[in-house]
Amino acid sequence: MAEHHHHHEPTGANLADAARNALEAQNEQWTPMRAAIFDALAAEEKPTSAYDIADNVSKLRGKRVAPNSVYRILDLFVANNIAMRVESANAYIANAHPGCHHDCIFLVCRNCKEATHVDDDVVTGDVRAVAEHQGFRAERPVIEILGTCAKCVA
């Protein structure tokens, strides 16, 4: 049986503080724009696109925010483990435990589009071992399982 890694998951202002601390620990600045983008991302229940984040932040700020700027910030967030990219949806979710490094396993519901993040270091360790055995150097393994969530099945 695989062991799962559990975390106390901060929310709201505590999550933003944890994200800021994780980013600043990597010698990156927590600018007002980065804070606004993180807040917009963290407010979403489901993975969201850079375009939707740009629209939401633009409405809040009263001036247009370019999706390219949002993409750059989201890439910075992913690189610093305060956000995760759901590859199959080309969308992002806030990391509920910033600064804690695990490879991603997402359970993605085709019906409601919700993505549940699961940490299972045994499974992802096995995936890395398979890659290494093939002479492949894995940078950021992401496992996505497409299907139907328990709420949609019910």
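1. Disulfides. In this predicted model, the count of disulfides comes to zero, where a disulfide would require a pair of cysteine sulfur atoms within 2.5 Å. For Cys112, the closest cysteine sulfur is that of Cys109, and the separation of 3.7 Å is too far for a bond. Likewise, the sulfur of Cys149 has its closest cysteine sulfur in Cys152, again at 3.7 Å and therefore too far for a bond.

2. Setting of the two cysteines. Cys112 is buried, with a relative accessible area of 17%, and Cys149, at 17% relative accessibility, counts as buried too; the cut-off applied here is under 20% relative accessible area.

3. Packing of H3 against H4. Helix H3, residues 50–61, and helix H4, residues 67–79, have axes that come within 9 Å and cross at roughly 115°, and the two helices are therefore roughly perpendicular to each other. The crossing is right-handed. On the H3 side the contact is made by Ala50, Tyr51, Ile53 and Ala54, and on the H4 side by Pro67, Val70, Tyr71 and Leu74. By class, the residues of this contact divide into eight nonpolar, no polar and no charged.

4. Packing of H2 against H3. The axes of helix H2, residues 32–43, and H3 come within 9 Å and cross at roughly 120°, and here too the crossing is right-handed. From H2, the residues Pro32, Met33, Ala36, Ile37, Ala40 and Leu41 meet Ile53, Val57 and Arg61 of H3. This contact of H2 with H3 has eight nonpolar, no polar and one charged residues. Ile53 deserves a note, since this H3 residue is listed in the contact with H4 and also in the contact with H2.

5. Asn27. Most residues other than glycine have a negative phi. Against that background, the phi of Asn27 is near 60°, a positive value in a residue other than glycine. Asn27 is placed in the loop between helix H1, residues 12–25, and H2, and with a relative accessible area of 73% Asn27 is exposed.

6. Asn90. A positive phi is found at Asn90 as well, with a value near 45° in a residue other than glycine. The place of Asn90 is in the loop between strand E1, residues 83–86, and strand E2, residues 91–94. Asn90 has a relative accessible area of 32% and is partly exposed, whereas Asn27 is exposed.

Methods:
Residues are numbered from 1 along each chain as its sequence is written. This is a predicted model: local features need pLDDT of at least 70, side-chain atom pairs count only at pLDDT 80 or more; totals for chains, interfaces and linings use all residues. Side-chain values use heavy atoms; hydrogens and water are left out. Axes are lines fitted to C-alpha atoms, for helices over the stretch in contact, and angles run from 0 to 180 degrees between N-to-C directions. Helices (H or I, at least four residues) and strands (E, at least two) are DSSP runs, numbered from the N terminus. Angles under 35 degrees count as roughly parallel, over 145 as roughly antiparallel, 65 to 115 as roughly perpendicular and the rest as oblique. A crossing is left-handed if the near helix is turned anticlockwise from the far one by less than a right angle, and right-handed if clockwise. Contact means heavy atoms within 4.5 Å. Ala, Val, Leu, Ile, Met, Phe, Trp, Tyr, Cys and Pro count as nonpolar, Asp, Glu, Lys and Arg as charged, and the others, Gly among them, as polar. Buried means under 20% relative accessible area, exposed over 50%, partly exposed in between (1.4 Å probe, protein chains only).
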